[in-house]
Amino acid sequence: MQIHSKLPDVGTTIFTVMSGLANQYNAINLGQGFPDYQMSEALMNKVNEVMHKGWNQYVPMQGYLPLRESIAEKIEYLYKTKISPDTQITITPGGTYAIYTALTTILQSGDEVIVFEPAYDSYIPNVEINGATPILIDLKFPEYKIDWAEVRKKISSKTKAILINSPQNPTGAVLNEKDIEELRSIVKDTNIFIVSDEVYEHLIFDNIPHQSILRYPDLLQRSFVCFSFGKVYNCTGWKMGYCIAPAELMKEFRKVHQFNCFSCHTPSQVALAEFLKNKDAYLSLSSFMQEKRDHFKKLMQQTRFTMQDSFGSYFICGTYERISEEGDKDFAIRLTKEAGVATIPVSAFYQNGKDDRVLRFCFSKKKETLDAAVERLIKL
Ligand code: PMP
């Protein structure tokens, strides 16, 4: 039997390679983005409690209504925007699924989608599997800012959507108000959709306000905005998230969702409906994670890496020109094998493998993990 592959260019990714190497060499894993500490005891207990109470059958396709109501309350509190729990919110099995579903909802064969690189690894395959073409634009190294003049140049009659991600994986860059102004002026009077990946909404540092699309009604009317509970509550393995869109767009999103996932894990939805009312639990996340960023960045000063800025996400990038002239993949592999620290080479986030000799480090780890990793890196 032969399959005419929908993703002929996708092979074993560097993420799989690095995770395999990390295990094989017993390396400290600062590669993949997940916390190595426990999530909230109270939230775990809540899930357990509601399971015992019998919340183990399907909830409606759009998601458990009290959870959608809690999300709407949170959005109004944070972004001063009224969202209808009934027509504008759908609970999804994770943020990646929300992005995939949004793209599948809007894309037709031959469409183009603007994607900024380095890009989170699911975006380009998500566009291609829908028969559309990713139009790639490099973020400007080393600050990883968007070159809006280039965006203007690359917009065509085929442009169906612009995919944005702030705070950004892998770079930790964030969009500011000026970026939003640029985006606004580019899409005004067009039929271009925005898919906004905001899974790191609460992982933003230095008191920078998160420029959620939800703040801007003129942008929201053409947007699918995607979130992840895994990132908010230190439980990436839960794969729970949601998408917000205007009612008319959400109607179509739900048609795709209905025949794919239908309804998500019930006990976590029931537990989250109540837990989300606790503002402290999500508002305290940024200072908690900022402390980790600061700690890691300070420790890294003792090494010969040059760390870049990270204003959000789980990640910080660093260059190694004082250590080696190798390409970033070779260097990352050698670092795992010889120094016992796994990272991700940033060239892996470019379709053409553009190599600025940068590694991505994940700092959402216990202090002991970060300390032990840097102790190894100091020796280089
Ligand atoms: N978007 C970005 C930019 C991410 O880094 C991640 C997680 N690695 C996701 C989406 C996915 O979130 P989830 O696990 O909820 O699918």
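Modeller: Before we start, helices here are DSSP runs of H or I with at least four residues, strands are runs of E with at least two, and both are numbered from the N terminus. Keep in mind that the model is predicted.

Colleague: Fine. Which loop holds Pro167?

Modeller: Pro167 follows Ser166, and the peptide bond joining them is cis, with omega about -20°. Most peptide bonds are trans. As for its place, Pro167 sits in the loop between strand 5 and helix 7.

Colleague: And what is omega for the bond from Phe141 to Pro142?

Modeller: Pro142 lies in the loop between strand 4 (133–138) and helix 6. The bond leading into Pro142 from Phe141 is cis, and omega is near 5°.

Colleague: Is Tyr144 buried or exposed?

Modeller: Tyr144 is in the loop between strand 4 and helix 6. Its phi is positive, near 60°, and it isn't a glycine. Buried means under 20% relative accessible area. Tyr144 has 4% relative accessibility, so it counts as buried.

Colleague: What is the relative accessible area of Ser313?

Modeller: Ser313 is in the loop between strand 9 (306–307) and strand 10 (315–319). Phi is positive there too, about 80°, although Ser313 is not a glycine. Most residues other than glycine have a negative phi. Ser313 is buried, and its relative accessible area is 0%.

Colleague: Let's look at helix 7. How wide an arc do its buried residues cover around the axis?

Modeller: Helix 7 runs over residues 177–187, and its buried residues are Asp179, Ile180, Leu183, Ile186 and Val187. They sit on the same side of helix 7, because the arc they cover around the axis is only 125°.

Colleague: Which residues are exposed on the other side of helix 7?

Modeller: The buried side is covered by neighbours that include helix 6 (148–154), strand 5 (159–165), strand 6 (193–197) and helix 8 (217–220). Exposed means over 50% relative accessible area. On the other side of helix 7, the exposed residues are Glu177 and Lys178.

Colleague: Now Gln269: how far is it from Arg68 in space, C-alpha to C-alpha?

Modeller: Gln269 belongs to helix 11 (residues 266–275). At 0% relative accessibility, it counts as buried. Gln269 and Arg68 are 201 residues apart in sequence, yet the C-alpha to C-alpha distance is 9.2 Å.

Colleague: Leaving aside neighbours within four places in sequence, which residues is Gln269 in contact with?

Modeller: Contact means heavy atoms within 4.5 Å. With the neighbours within four places in sequence left out, the contacts of Gln269 are Val59, Gly63, Tyr64, Leu67, Ile91, Met240 and Cys264.

Colleague: Zooming out, what is the radius of gyration of the protein?

Modeller: The protein has 15 helices and 13 strands, and its C-alpha trace spans about 55 × 55 × 55 Å along the principal axes. For 380 residues, a compact globule would have a radius of gyration near 21 Å. The protein agrees with that, at 21 Å.

Colleague: Among contacts between residues at least 6 apart in sequence, what percentage join residues at least 24 apart?

Modeller: As background, buried residues make up 55% of the 380 residues. Of the contacts between residues at least 6 apart in sequence, the share joining residues at least 24 apart is 76%.

Colleague: Last one: how far apart are the mean positions of the positive and negative charges?

Modeller: The protein exposes about 16900 Å², with carbon and sulfur atoms supplying 50% of it. It carries 43 positive and 45 negative charges. The distance between their mean positions is 1 Å.

Technical notes:
Residues numbered from 1 in each chain as written. Predicted model: local features only at pLDDT ≥ 70, side-chain atom pairs only at ≥ 80, totals over all residues. Heavy atoms only, no water. Rg over C-alpha atoms; globule rule 2.2 N^0.38 Å. Buried < 20%, exposed > 50% of the residue type's maximum accessible area, 1.4 Å probe, protein only. Areas by Shrake-Rupley, 256 points an atom, 1.4 Å probe, with all protein chains shown as cover. Lys, Arg positive; Asp, Glu negative; His and termini not counted. Charge placed at Lys NZ, Arg CZ, Asp CG, Glu CD. Arc of directions from axis to C-beta.
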